[in-house]
Amino acid sequence: ALLVLLGLLALLEADRPAVAAWAGTAFILATLCRMDHGIFYGVGSGVVLVDQVLARRRGRSLAEVARVLAAWSAPFGLFVIYMLWKHSYYGAWLPNTYWAKSADVAWWSQGIFYSLSFWVGTLALLPLLLSLGLLCRLADPRIRRLALFSLGAVALFTVYTSKVGGDFMFGRFFVSVLPLVLLSAEVVVGWAISSGRFVPAALITAALLVSATPVRLFDGGSEIRG
């Protein structure tokens with residue numbers, strides 16, 4: 001979660017090669033911690049590509065665009081080197097937990113329940129939708145990157161989590177995407193207050209407060225004995 005957030009913060013300023021390289025490195029390190037976090041690197045790649053296409057249309061030289069894309073892609077070489085070593089040592093591309101937890105088998109019924117119990121049960125879906133809806137309307141390139149990355153990462157990671165059947169621990173799979181919700185909400189509230197739009201600021205603040213309120217999802221009388 002820390003590496004994903006650090007990658008996002010660098011991604012917001014990734015119109016320079018050095019910063020793009022730092023962003024890519026953070027997302028690749030997150031992928032080395034958990035291979036399913038390659039989703040974040042993939043989404044970030046899409047954001048960088050869209051951003052550089054728009055920059056090219058605004059007059060940025062092809063050489064500058066190529067330098068940013070090369071800097072972003074360079075850390076992927078670290079992942080390739082690691083995977084080649086891993087396969088030569090273990091004789092497999094995927095970790096043992098992939099097979100032990102049957103990640104190759106889709107379990108949509110359980111996974112959708114797991115995802116809905118988090119997004120709806122915690123009401124985190126409410127500030128997420130309000131925030132992203134407003135972020136997409138702002139013209140600032142950094143805010144556009146935040147909106148595109150948050151929307152893509154949350155959507156794809158939720159689909160992935162639903163496909164593999166979720167987890168035995170409530171909300172654990174969504175620890176890495178929850179900061180995206182809070183950061184998006186904070187940015188929108190700050191923009192709304194500074195521009196005198198107090199109604200959106202109040203709505204999102206209220207949604208955050210509601211989502212922070214404890215909700216009983218299970219019968220308090222039930223007990224699990226180990």
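In this predicted model, the axes of helices H7 and H9 approach within 6 Å of one another and cross at roughly 135°. Angles over 145 degrees would count as roughly antiparallel, and H7 and H9 are therefore described as oblique to each other. On the H7 side, the contact is formed by Trp 108, Gly 111, Ile 112, Tyr 114, Ser 115 and Trp 119. Their partners on H9 are Val 154, Thr 158, Val 159, Thr 161, Ser 162 and Lys 163.

Trp 119 deserves a second look. Leaving aside residues up to four places away in sequence, Trp 119 touches Ala 124, Leu 125, Leu 128, Val 154, Thr 158, Phe 174, Val 177 and Val 181. Trp 119 also appears in the largest nonpolar core, a set of 50 residues, where Leu 11, Trp 119 and Phe 149 have the most contacts inside the core. The largest share of this core comes from H9, which supplies eight residues.

It helps to step back to the whole chain. The chain holds 11 helices and zero strands, and reading along the sequence gives the pattern α-α-α-α-α-α-α-α-α-α-α. Along its principal axes, the C-alpha trace spans about 65 × 60 × 25 Å. Of the 226 residues, 39% count as buried. How many of the contacts between residues at least 6 apart in sequence join residues at least 24 apart? The share is 72%.

The start of the chain offers another helix pair to follow. H1 and H2 pack with their axes 8 Å apart, at an angle of about 160°. Because angles over 145 degrees count as roughly antiparallel, that description applies to H1 and H2. H1 passes H2 in a left-handed crossing. From H1, the residues making the contact are Leu 3, Val 4, Leu 6, Gly 7, Leu 8, Ala 10 and Leu 11. From H2, they are Val 19, Trp 22, Ala 23, Ala 26, Phe 27, Leu 29, Ala 30 and Cys 33.

H2 itself runs over residues 17-33, and its 17 residues reach 24 Å from the first C-alpha to the last, close to the 24 Å expected at 1.5 Å a residue. The buried residues of H2 are Val 19, Ala 20, Ala 23, Gly 24, Ala 26, Phe 27, Ile 28, Ala 30 and Thr 31. A handy piece of background applies when looking at any such list: an α-helix has 3.6 residues a turn, so residues three or four places apart point the same way. The cover over the buried residues of H2 includes helices H1 (2-11), H3 (38-57), H4 (62-73), H5 (76-90) and H9 (141-164).

Within H2, Ala 23 makes a good example of a buried residue. Its relative accessible area is 0%, so Ala 23 counts as buried. Ala 23 touches Gly 7, Ala 10, Leu 11 and Trp 72, not counting residues up to four places away in sequence. Pro 75 is 52 residues from Ala 23 along the chain, and the C-alpha atoms of the two are separated by 9.1 Å.

Towards the end of the chain, H10 covers residues 178-194. At 1.5 Å a residue, the 17 residues of H10 should span 24 Å, and the end C-alpha atoms are 25 Å apart, which agrees. Leu 180, Val 181, Leu 183, Ser 184, Ala 185, Val 188, Val 189 and Ala 192 are buried in H10. What covers them includes H1, H7 (108-119), H8 (125-135), H9 and H11 (198-211).

Two backbone details are also worth finding in the structure. Just after H10, Gly 196 takes a positive phi of about 80°. Most residues other than glycine have a negative phi. Leu 123, a residue other than glycine, nevertheless has a positive phi near 60°. Leu 123 lies in the loop between H7 and H8, and its relative accessibility of 32% means that it counts as partly exposed.

Finally, is Pro 214, in the segment after H11, buried or exposed? Pro 214 has a relative accessible area of 77%, so it counts as exposed. The C-alpha atoms of Pro 214 and Thr 122 are separated by 7.7 Å, although the two residues are 92 residues apart along the chain.

Technical notes: Residues are numbered from 1 along each chain as its sequence is written. This is a predicted model: local features need pLDDT of at least 70, side-chain atom pairs count only at pLDDT 80 or more; totals for chains, interfaces and linings use all residues. Side-chain values use heavy atoms; hydrogens and water are left out. Helices (H or I, at least four residues) and strands (E, at least two) are DSSP runs, numbered from the N terminus. The expected span of a helix is 1.5 Å times one less than its number of residues. Buried means under 20% relative accessible area, exposed over 50%, partly exposed in between (1.4 Å probe, protein chains only). Contact means heavy atoms within 4.5 Å. A nonpolar core is a set of buried Ala, Val, Leu, Ile, Met, Phe, Trp, Tyr and Cys residues joined through side-chain atoms within 4.5 Å. Axes are lines fitted to C-alpha atoms, for helices over the stretch in contact, and angles run from 0 to 180 degrees between N-to-C directions. Angles under 35 degrees count as roughly parallel, over 145 as roughly antiparallel, 65 to 115 as roughly perpendicular and the rest as oblique. A crossing is left-handed if the near helix is turned anticlockwise from the far one by less than a right angle, and right-handed if clockwise.
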